[in-house]
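Please open the model in your viewer and keep the sequence panel beside it, since this tour moves from one selection to the next. At each stop you will be told what to select and what to look for.

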Amino acid sequence: MRKARIALTAVLVTTLGLGLTACGGDSEDGATEKESPTATVPAPDGASPSADGSESEGGDARPAGDVTAPGAGLKVGDKAVLPFEYAKKKGTLAITVTAIDKGTEVDMSQFGARAEGLTPYFIKMKVENVGDTDLSRAYVQLRGLLDGGQSTGVSLIGDIPGKCDKESAPAEFGKGVSFETCSLAASRSGDVTGAEFDEGDAYGDKPVVWTAG
């Protein structure tokens, strides 16, 4: 299984509009640094879900079985069944958030000086393919939420090896196959106690939200 590992080069975007941009996909070499003029949210590593309205290839025309309704509120440990599109393939995933663990500021050292004052949180999950489409190498990214459901105002790309390992799906990711992965979140004020899935038109305005406790 390929790891999306960024040990010394990572992307950090905050509401202040500052960031580091890593070039060359998964490569750890040849990175360049630039300032972003606006606070944008970068897409996850790898191919992103199709947003150009083109016809998607293969797979479920409709999600297999019952899916979790947009706007649903779940607890950590609960499973959501969700339509998912990756590299122009449509399928269905069952996502279970298993933990939201708090790290320390020291864990953020790989992101450099711009990460000072940020506390990381590790959103750990199990992902199972429950549809008929092979979504090989797919990435699943969840966003962290503060207590009360507010955005953290921080977007991160990368992982913290050994604490929050960002994994892609295996090369053969058909029905019944599962893997574990982690999304990295961070906050300057307040604890991250929730995670949201907001991929696709149906969930963009009404994400599925998991909360701790």
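Begin by selecting Asp101, which at 30% relative accessibility counts as partly exposed in this predicted model. Add Lys124 to the selection, and you will find that the two residues form a salt bridge in which the closest N and O atoms are 3.2 Å apart. Because Asp101 lies in strand E5 and Lys124 in strand E6, the pair ties together parts that are 23 residues apart in sequence. Lys124 is likewise listed as partly exposed, with a relative accessible area of 29%.

Keep Lys124 displayed and select Thr96, which is also found in strand E5. Leaving aside residues up to four places away in sequence, Thr96 touches Lys124 together with Gly77, Asp78, Lys79, Met125 and Lys126. Is Thr96 buried or exposed? At 16% relative accessibility, Thr96 counts as buried, because the cut-off for that word is under 20%.

How many salt bridges does the model hold? The count comes to five, and the next pair to select is Asp107 with Lys163, whose side chains meet at 2.6 Å, N to O. Asp107 sits in the loop between E5 and E6, while Lys163 sits in the loop between E8 and E9, so this salt bridge ties together parts that are 56 residues apart in sequence. The two partners differ in their surroundings, for Asp107 is buried, with a relative accessible area of 11%, whereas Lys163 counts as partly exposed at 40% relative accessibility.

Move on to Asp198 and Arg143, whose side chains meet in another salt bridge, at 3.3 Å from N to O. Here the loop between E10 and helix H1 (201-204), which holds Asp198, is tied to strand E7 (residues 143-146), which holds Arg143, so the parts joined are 55 residues apart in sequence. Arg143 is partly exposed, with a relative accessible area of 32%.

Next, select the cysteines at 164 and 182. Cys164 and Cys182 are joined by a disulfide, with an S to S distance of 1.9 Å, and the count for the model is one disulfide. With -95° about the S-S bond, the link of Cys164 and Cys182 is left-handed. Which parts does the pair tie together? Cys164 lies in the loop between strand E8 (154-157) and strand E9 (178-187), and Cys182 lies in strand E9, so the parts joined are 18 residues apart in sequence. Both ends of the link are out of reach of the surface by the accessibility cut-off, because Cys164 has a relative accessible area of 1% and is buried, and Cys182 is buried as well, with 4%.

Now turn to the interior and select Ile95, Leu142 and Trp210, which touch the most other members among the 30 residues of the largest nonpolar core. Strands E4, E5, E6 (119-129), E9, E10 (192-197) and E11 (208-211) each supply at least two residues of this core. In soluble globular proteins, nonpolar side chains tend to be buried together. If you display what surrounds Trp210, again without residues up to four places away in sequence, its contacts include Ile95 and Leu142, along with others such as Leu74, Ala80, Leu82, Val97, Ala195 and Phe197. Apart from this core lies another, of twelve residues, among them Met108, Phe122, Cys182 and Ala186.

For a stop on the backbone, select Ala87, in the loop between strand E4 (79-86) and strand E5 (89-102). Its phi is near 50°, a positive value in a residue other than glycine, and Ala87 is partly exposed, with a relative accessible area of 35%. Lys88 belongs to the loop between E4 and E5 too, and its phi, near 65°, is again positive in a residue other than glycine. Lys88 is partly exposed, with a relative accessible area of 36%.

Finally, colour the model by pLDDT. The mean pLDDT of the protein is 78, and 69% of its residues reach 70 or more. Select residues 1-64, over which pLDDT stays under 50 and for which the model has 139 contacts beyond four places in sequence.

Methods:
Residues numbered from 1 in each chain as written. Predicted model: local features only at pLDDT ≥ 70, side-chain atom pairs only at ≥ 80, totals over all residues. Heavy atoms only, no water. Helix = DSSP H or I, 4+ residues; strand = E, 2+ residues; numbered from the N terminus. Buried < 20%, exposed > 50% of the residue type's maximum accessible area, 1.4 Å probe, protein only. Disulfide = S-S within 2.5 Å. Contact = heavy atoms within 4.5 Å. Core = buried A, V, L, I, M, F, W, Y, C linked by side-chain atoms within 4.5 Å. pLDDT = per-residue confidence, 0-100. Salt bridge = Lys/Arg side-chain N within 4 Å of Asp/Glu carboxyl O.
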